Amino acid sequence: MDTNPQTALPLVFTAARIAECLSVSPQAVRKALRSIRTASTQIVNGNEAAAWSIEQLPARVLERLNRAARRQNYHNVETMLAHKPAPWEPPIPLSQIADKYIIEANKLRDALQPSLGRLKILPRAEQEAQGIDDYARVFGKPCCPAWWWKLVDRAVRRDAGAERWNRIEIYLPDRLAAKEAAPQAKALESQHGDLIAYIDRCSRPPTPTQRRGIWTLAFETYDKLASGGIEDKRAARQVRAVLSTHAPFLTPTQEATLKAWNRKLPKWRERRIEGLFDARRENGDHFEFPPEDLLLIEREIVFKYNGEYARGWRAAQASGKLSQGTTLRYRYCPSRKSEVPLKLKLALGERPRILAVLHRRKRDFNSMKAHFTTTTEGLYSLDCISADDVTLPVYFYFRAEPDQAPIMVRGQCLIFIDLVSTCILGWSLQPDKNYNALVIYSQCKRVFAEKGIPRALLFEKGIWYNSKILTGDDPCSPTETTQGLKELGIEFFHAHSPEGKSEVEKVMDLVQDLMENEHGYCGRDERKDRPDWIKRDLAAVQSTAHPAEPSERFYSFDEWNNRLREIFEEYNSTKQQGRRLEGRSPEQAFIERWNTEDPPIRLADNPELQWLLSAKYTVNVGADGFKIRSGNREFKYYGEELSAFSGYPARVAFDPEFPDFAIVKDMKGKNSTIVPLARLRGFDR
């Protein structure tokens, strides 16, 4: 494979390809290039065609190609010419688009199709005149030339050189809406909003992980309905109706949905999530843990390791007392310290943890009472990370553009804490009222990289499921990420009430106590205890006649972010006299409660977790690797690891905050490899 740039042949392009990108006729391009000697020839449809390199093109043609490349969001002219796009498809399936848009597209096709067939025949002036006449004949009124050419250019661009002018899709308007849902579908949407929202966030087509996630949530919804008093058959019909309506990619017909339901439901009842995996992946006969092995493992977990599955499982293996069948089947497990067979988790359930608490006899948990007491007995630092968002009681300002007026906000601050030591591990300040899932994933990744991977995550349900990702050409999917983290052994707990996230609420309360003397402090409840001068200062800064300089009264976004760092460091280093810390600071407790015998693994040691928490990109891998652009930086990756992907498109997990390597998989999500960063180059936009 020759990657020497001095011996590589330059790319050449035919007049027809150049004309296709410029939306003109090939004859016009050949006329512009008639005085330039061809660089090479290409075989097109069995015929030899002249071809030119980009360096040979006249300045006028090159300028038009540059404008076309910018308009179509290509990096450069060479990329645009080398990439032959597929014909455009609407974001909503044609069968689901509202009838009024289809009718409008039919009329536009009648008006434009004759002109599109004459594009390469008639001069531009005649095309325009006849096209406007056709438009007036169909719509009953003429249009201006600029509007007519805009419609023609859109149809040509969507056709992508196929010249299939009869396709109704290329005439659809830019803004589309789906058909109004039937009354029954609206009722299902209101009753099963969580399941429908999960399905809507899945990619199309969904990944195997997302498919299992849909079935998992469907059966959980069914169990909830059945336990709530609804007849089993009626509950099953409701859930299947949601799957048939919103997830037709699972099964093609309602009959197929019923068959799949009847096949999967017994497996779900028997083995829960494990029953949704393809049994063929086990490549062996069905296996169940012998009762005596379960008893031995449970004894280790309860009496020696305080409910820690991983340590109890490893200790039981090391004891040599497990049966021969169990020993042979799991002779390579665990491959890492935190790994526990899913079948073992399903067989034991939560029983070992409950028995471990009872064995300690420190506190009794009574599920019938309306309160509970949190205990961290036997837990270590990073056993669980909790996160929540808070609107801090301090106004600050930022400018959307340097020359625009300042915007006064309190913003949103997402705080991550260690649940055992209450030490603040990280935070993210956003000037917006809402934040997206990228903030959560990036902060998770930063904490995992700096501290280690926790055994459990405690989030408020809304901040994990209701946020949306805004990065990459195939963004991180909350559905796939959540299911993938569960399958990697990281447990998820979701707080449905303030009491469920009381620990992080207490931390944020103590942190806000340290902000009372800060510029822009507006009180915990702004409606009741806001200082009088805050109202005057806000009015002065936001005045349209004579606005005051905000830096004299408030922090800027960067200043407040830096001040927050100091406040969080002050909190982490301050000793507390509570029952949990007993005169220690959160930072000191975090160090003392660190598990030296079984420390958390690092993010760098787990490529699969890095894949889940990174934005995904589709790249074409060439002989010299591939490049990814992020902002004003360009990252290049190549190496022997990419030899199997050369010449094919691939999926890449990439994070600009951790660019030292990228994870590459084929388009089916298999054949994973890690490729190091070869070069980082800055350039102007």
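In strand β9, Phe459 is the bridge partner of Ala387. The model described here is predicted. Ala387 also has a bridge partner in β7, namely Phe416. Ala387 thus has a named partner in β9 and another in β7.

The strand behind these pairings is β4, which spans residues 384-390. Its link to β9 (residues 456-460) consists of 4 bridges, and the two strands run parallel. Its link to β7 (residues 412-418) consists of 6 bridges, and here the strands run antiparallel. Strand β4 is mostly covered. Of its 7 residues, 6 are buried, each with under 20% relative accessible area. In a regular strand, side chains alternate between the two faces of the sheet.

A separate description applies to an open sheet of 3 strands. Its order is β1-β3-β2, and the pairing is antiparallel. Strands β1 (12-14) and β2 (40-44) form the edges, each pairing on one side only. On average, neighbouring strands of this sheet are turned by 50° against each other, direction ignored.

Within this sheet, β1 is joined to β3 (residues 47-53) by 3 bridges. These two strands run antiparallel. Val12 stands opposite Ser53 of β3. Helix α1, covering residues 15-22, lies across β1 and β3. The helix runs at about 80° to β1.

Helix packing was examined for α11 and α12. Helix α11 comprises residues 232-246, and helix α12 comprises residues 254-271. They pack at an angle of about 125°, with their axes 10 Å apart. Helix α11 is therefore oblique to α12. The oblique class applies because the angle of about 125° lies outside the ranges for the other classes: under 35 degrees, over 145, and 65 to 115. The crossing of the two helices is right-handed.

Residues from both helices make the contact. Helix α11 contributes Ala236, Val239, Arg240, Leu243 and Ser244. Helix α12 contributes Gln254, Thr257, Leu258 and Trp261. By class, the contact has 5 nonpolar, 3 polar and 1 charged residues. Arg240 of α11 belongs to the contact and counts as charged. Ser244 of α11, together with Gln254 and Thr257 of α12, is part of the contact; these residues count as polar. Ala236, Val239 and Leu243 of α11 take part alongside Leu258 and Trp261 of α12, and these count as nonpolar.

Methods: Residues are numbered from 1 along each chain as its sequence is written. This is a predicted model: local features need pLDDT of at least 70, side-chain atom pairs count only at pLDDT 80 or more; totals for chains, interfaces and linings use all residues. Side-chain values use heavy atoms; hydrogens and water are left out. Two strands pair if DSSP finds at least two bridges between them. Axes are lines fitted to C-alpha atoms, for helices over the stretch in contact, and angles run from 0 to 180 degrees between N-to-C directions. Contact means heavy atoms within 4.5 Å. Buried means under 20% relative accessible area, exposed over 50%, partly exposed in between (1.4 Å probe, protein chains only). A crossing is left-handed if the near helix is turned anticlockwise from the far one by less than a right angle, and right-handed if clockwise.
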